[in-house]
Amino acid sequence: MPVESSSSSSSRQAKQKRKSHSLSIRRTNSTEQDRSGLQRELLEGQSSDNLDSFGRMEDSKLPLSLRTNLLDLFSQIEREFENLYLENIELRREIESLNDRLAADGQAIEGADLAKGALKTKASHSTSQLSQKLKTTYKASTSKPRSNSCHARVVGGSRNFNVTSWELWGGDSWKLRSGTLPLHFSRPVVTLVWRRCQIVSSFKATTSRAVCQLVKEYVGHRDGIWDLSATRAQPVVLGTASADHTAMLWSIETGKCLLKYLGHQGSVNSIKFHPSEQMALTASGDQTAHIWRYMVQLPTPQAVADTTTPCEDDVDSSDKDDADVDAEGPNDCPSIRVPITTLRSHQGVVIAADWLVGGKQVVTASWDRAANLYDVETSELVHSLTGHDQELTHCCTHPNQRLVVTSSRDTTFRLWDFRDPSIHSVNVFQGHTDTVTSAVFTVGDNVVSGSDDRTVKVWDLKNMRSPIATIRTDSAVNRISVSVNQKIIALPHDNRQVRLFDMSGVRLARLPRSNRQGHRRMVCCSAWCEDNTACNLFTCGFDRQAIGWNINIPALLQEK
């Protein structure tokens, strides 16, 4: 997350959520006796290449003990890959057996290739039940964190093995980001990795596709953008908060910077707008939150080029890291340097802030493990909300009620109730296993929480003992948002993806990220603005740009 340092490098290092993954290989439970035949065939095809590898290791200048440890680790990895491949073969056989049973029962099967879609029921009730069971089996095998994507390739025809991301089944995982390792595996092992990816991905039912249009890119910040939001009062503009110590207001239609706020001395970590007045609330690494007024004049809209692109599901896109956006900040943009109110009670980075319903009070969340409630008119501290064991990561207020939810690195989020002036109750929820990066309210009675444990959970305020839906993803989730009207959840990920889900956990689409479209670095935040006809979804990231999208929501829900 953002830091107090003025340098852009320290700002990037402060996002402590990126965990280091250690290599952890777990043996499978299958017996070697059942698989000895196929393993023998694999080993025979690899023997000559392995001898060459051992020869090269003998010529290596590495110490003998280090070479021995490397060979042992590589052999464990190779055996694990072989076991995964064998398990996939067994699973394919089981699926074929189930297909034969469906055919024997008289069910017409459209598309025997499972990668082209789920089986369709057209026969008796008993056959329908069997088909539903089969679908459930497919869903369970692909929704758990066992079948995450991997990318590998042989570099230059040698045995160097380039692994972008790999995750083993069963929860034990290791990850390498864009590194080339001199793994002395034979060429068939590389084939096994690709086969594993292809087979597992073939079990995923093809989800619906919708039209997503990248409308506008908002470029001008000199460092990563942590947060963004759209105004709720006229005129409707987009606000961004950046690690370059500035906040900017943008014309949604033209992408032009309308105003720059320069009042903070540290990274600007959050920006929220007053529900009815032209005031903005920003939180910063300088341990303060500022309230400042703005006045902007919208420029004349220009014609928008048609960049319509179909939303993608999990189609592989290029993992090449593009160069950072080389854009200087707008020089002709007017600026504000002095806030009307400064809130100073925190002893650490203020990571987020939001307006309570009515706009007369604000709440701030800080790395000092406390959230503070302030009176806007007097700037006085009304309540200090303590109880979290580690740094806070986010705070959010209910749009219609005096409720506040705070998120923390202690894996919990807390619900604070201020509806009764005499009683300020708090409820603690422990639904995640890693940092809760954000928790937000919906217009109804739900809370949606996202975490570094790569899950998003939907909760009912009336019964929050357990989530009503759980979304499992392949990457850490950052600051999420939920659309007001249709309750579509937009998930920004560490892996540069943005995915859309409904409240029941059904994946609707993935925003395109190809042909230089989309984000090229970690996506930090998403924000809906359904009343705007040009862009109804905004995202920002550490590629120093915000993007405005037009999501065809009716088509998205119709194809669900």
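Visitor: Where is the place of Arg369?

Guide: Arg369 sits in the loop between β16 (361-366) and β17 (371-375). Keep in mind that this is a predicted model.

Visitor: Why is Arg369 called partly exposed?

Guide: Its relative accessible area is 43%. Buried means under 20% and exposed means over 50%. The value falls in between, so Arg369 counts as partly exposed.

Visitor: What is the phi of Arg369?

Guide: Phi is near 75°. That is a positive value, and Arg369 is not a glycine.

Visitor: What about Arg496: is it buried or exposed, and how do you know?

Guide: The relative accessibility of Arg496 is 13%. The limit for buried is under 20%. The value is under that limit, so Arg496 is buried. Arg496 also has a positive phi, about 80°, without being a glycine.

Visitor: Where is Arg496 found?

Guide: Arg496 belongs to the loop between β28 (489-492) and β29 (498-501).

Visitor: Which kind of peptide bond joins Gln234 and Pro235?

Guide: The bond is cis, with omega at about -5°. Pro235 lies in the loop between β5 (225-230) and β6 (238-242).

Visitor: Turning to the strands, what is the order in the open sheet of four strands?

Guide: The order is β15-β16-β17-β18, with antiparallel pairing.

Visitor: What makes β15 and β18 stand at the edges?

Guide: Count the partners. β15 (350-355) and β18 (381-385) each have a single partner strand, so each has one side without a neighbour in the sheet. Direction ignored, neighbouring strands of this sheet are turned by 20° against each other on average.

Visitor: How do you know that β15 and β16 pair?

Guide: Pairing needs at least two bridges. β15 and β16 have five, in the antiparallel sense, so they count as a pair. Trp355 stands opposite Val362 in β16.

Visitor: How many of the residues score at least 70 in pLDDT?

Guide: The share is 64%. The protein averages a pLDDT of 75.

Visitor: Over which residues does pLDDT stay under 50?

Guide: Residues 137-210 are one such stretch. For these residues the model has 175 contacts beyond four places in sequence. Residues 313-329 also have pLDDT below 50. Beyond near neighbours in sequence, that stretch has 43 contacts in the model. pLDDT is the predictor's confidence on a scale from 0 to 100, so values under 50 in residues 137-210 fall in the lower half of that scale.

Conventions: Residues numbered from 1 in each chain as written. Predicted model: local features only at pLDDT ≥ 70, side-chain atom pairs only at ≥ 80, totals over all residues. Heavy atoms only, no water. Helix = DSSP H or I, 4+ residues; strand = E, 2+ residues; numbered from the N terminus. Buried < 20%, exposed > 50% of the residue type's maximum accessible area, 1.4 Å probe, protein only. Contact = heavy atoms within 4.5 Å. Axes fitted to C-alpha atoms, helices over the stretch in contact; angles between N-to-C directions.
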